[in-house]
Amino acid sequence: MGQVHVMDHPLIQHKLTIIRDKATGTKVFREVADEIAMLMAYEITRDLELEDTMVETPVVTAKAKTLSGKKLGVVPILRAGLGMVEGVVNMIPAAKVGHIGMYRDETTFEPVEYFIKMPSDISERTLIVVDPMLATGGSAILAMDALKKRGATNIKFMCMVAAPEGVKALQEKHPDVDIYIAALDEGLNEDGYIVPGLGDAGDRLFGTK
């Protein structure tokens, strides 16, 4: 079963409180979401492999560490996932970026896929799928299905707030995927929103209704 990592770092928790606040406007919400993604990327890459290299410092030639060349990819689930991409890529500039477009049917709450574009070598990459929220788990599950169908074998899922229902559903359908979240919230309300949550992340990122 994939592990669930709750990133309770004080900086992440402080910034998460800012974007939960309904008084936070689009500009600040976007900036802080980006900062949270950057901090989460720092944690999610903790297990990247290193190898030895030689570096010439101003003083001496010395043995040092460098990333072993492991290929990474960042995959936002559109549209809200776009709000986390820049923060991750700032930490991992060499990562390639794929996109999965989905929307939630407002009647059934079921996700519908409408667009997918991936790097050609996703089978060779560790993919970090990003979406600010994990509510019912439907979109995340469909995204994992789409990636695995195209050859992905090593996937991590990263979001800011999650409901226990979504975590459980994703674990059941994709037990090999590790889940990284900033907060595990109470649950879902009758409208399918996470409680206490932060509202509709896409609307708050892009100033739409």
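In this predicted model, Ile194 counts as buried, at 5% relative accessibility. The residue sits in strand S13, a short run covering residues 194-195. Setting aside sequence neighbours within four places, Ile194 is in contact with Met133, Leu134 and Ala135, with Val161, Ala162 and Ala163, and with Asp185, Gly187 and Leu188. Ile194 also appears in a UniProt record: the unreviewed entry lists Ile194, Gly199, Asp200 and Ala201 under "binding site". The lining of the largest pocket takes in Ile194, Gly199, Asp200 and Ala201 from this set.

Gly199, another member of that set, belongs to the loop between S13 and helix H6, the latter spanning 201-206. With a relative accessible area of 33%, Gly199 is partly exposed. Beyond its neighbours within four places in sequence, Gly199 is in contact with Met133 and Tyr193. Met133 is also among the residues in contact with Ile194.

A further "binding site" annotation in the unreviewed UniProt entry covers Arg79, Arg104, Asp131, Pro132, Met133, Leu134, Ala135, Thr136, Gly137, Gly138, Ser139 and Asp200. Of these residues, the lining of the largest pocket includes Arg79, Arg104, Asp131, Met133, Leu134, Ala135, Thr136, Gly137, Gly138, Ser139 and Asp200. Two of the annotated residues can be followed a little further here. Arg104 is found in strand S6, which runs over residues 99-104, and is partly exposed, with a relative accessible area of 24%. Leu134, by contrast, is buried, with a relative accessible area of 1%, and lies in strand S9 (residues 133-134).

The surroundings of Leu134 help to place S9 in the fold. Not counting residues up to four places away in sequence, Leu134 touches Ala140, Phe157, Cys159, Val161, Ala162, Ala163, Gly166, Val167, Leu170, Ile179 and Ile194. Among these, Phe157, Cys159, Val161 and Ala162 fall within strand S10 (residues 154-162). Gly166, Val167 and Leu170 fall within helix H5 (residues 164-173).

Strand S10 (residues 154-162) also holds Lys156. Is this lysine buried or exposed? Lys156 is buried, because its relative accessible area of 10% falls under the 20% limit. The Lys156 side chain has polar partners within the chain: it reaches the backbone oxygen of Ile44 at 3.3 Å, and it makes a polar contact with the side chain of Asp47 at 3.2 Å. Apart from residues up to four places away in sequence, Lys156 touches Ile44, Asp47, Thr126, Leu127, Ile128, Val129, Val177, Asp178 and Tyr180.

Charged side chains come together elsewhere too. Side chains of opposite charge can pair when their charged atoms come close. In this model the count comes to 12 salt bridges. One of them joins the side chains of Asp203 and Arg79, at 2.7 Å from N to O. This pair links distant parts of the chain: Asp203 is in helix H6, while Arg79 is in the loop between strand S4 (72-78) and helix H3 (82-91), 124 residues apart. Arg79 counts as partly exposed, at 33% relative accessibility, and is also one of the residues covered by the "binding site" annotation in the UniProt record.

Two further salt bridges lie in contrasting settings. The side chains of Arg125 and Asp121 meet at 2.9 Å, N to O, and both residues are buried. Arg125 and Asp121 also take part in a network of salt bridges with Lys71 and Glu124. Lys168 and Glu172 meet in a salt bridge at 2.7 Å, N to O, but both of these residues are exposed. Why are Lys168 and Glu172 separated by about one helical turn? The reason is that Lys168 and Glu172 are 4 residues apart in helix H5. An α-helix has 3.6 residues a turn, so residues three or four places apart point the same way.

Helix H4 (residues 138-149) offers a simple check on geometry. At 1.5 Å a residue, its 12 residues should span 16 Å, and the end C-alpha atoms are 16 Å apart, which agrees. Within H4, Gly138, Ala140, Ile141, Ala143, Met144, Ala146 and Leu147 are buried. Of these, Gly138 is also covered by the UniProt "binding site" annotation, and Ala140 is one of the residues that Leu134 touches. H4 is followed by Gly151, whose phi is positive, near 110°.

Notes. Residues numbered from 1 in each chain as written. Predicted model: local features only at pLDDT ≥ 70, side-chain atom pairs only at ≥ 80, totals over all residues. Heavy atoms only, no water. Helix = DSSP H or I, 4+ residues; strand = E, 2+ residues; numbered from the N terminus. Buried < 20%, exposed > 50% of the residue type's maximum accessible area, 1.4 Å probe, protein only. Polar contact = N/O pair within 3.5 Å; in protein donor to acceptor, adjacent residues only side chain to side chain. Contact = heavy atoms within 4.5 Å. UniProt positions renumbered as here; feature names shortened; annotations may be inferred. 1 Å grid on protein atoms, 1.4 Å probe; cavity = no way out; pocket = protein on both sides within 12 Å on 5 of 7 lines; lining within 4 Å. Salt bridge = Lys/Arg side-chain N within 4 Å of Asp/Glu carboxyl O. Expected span 1.5 Å × (residues − 1).
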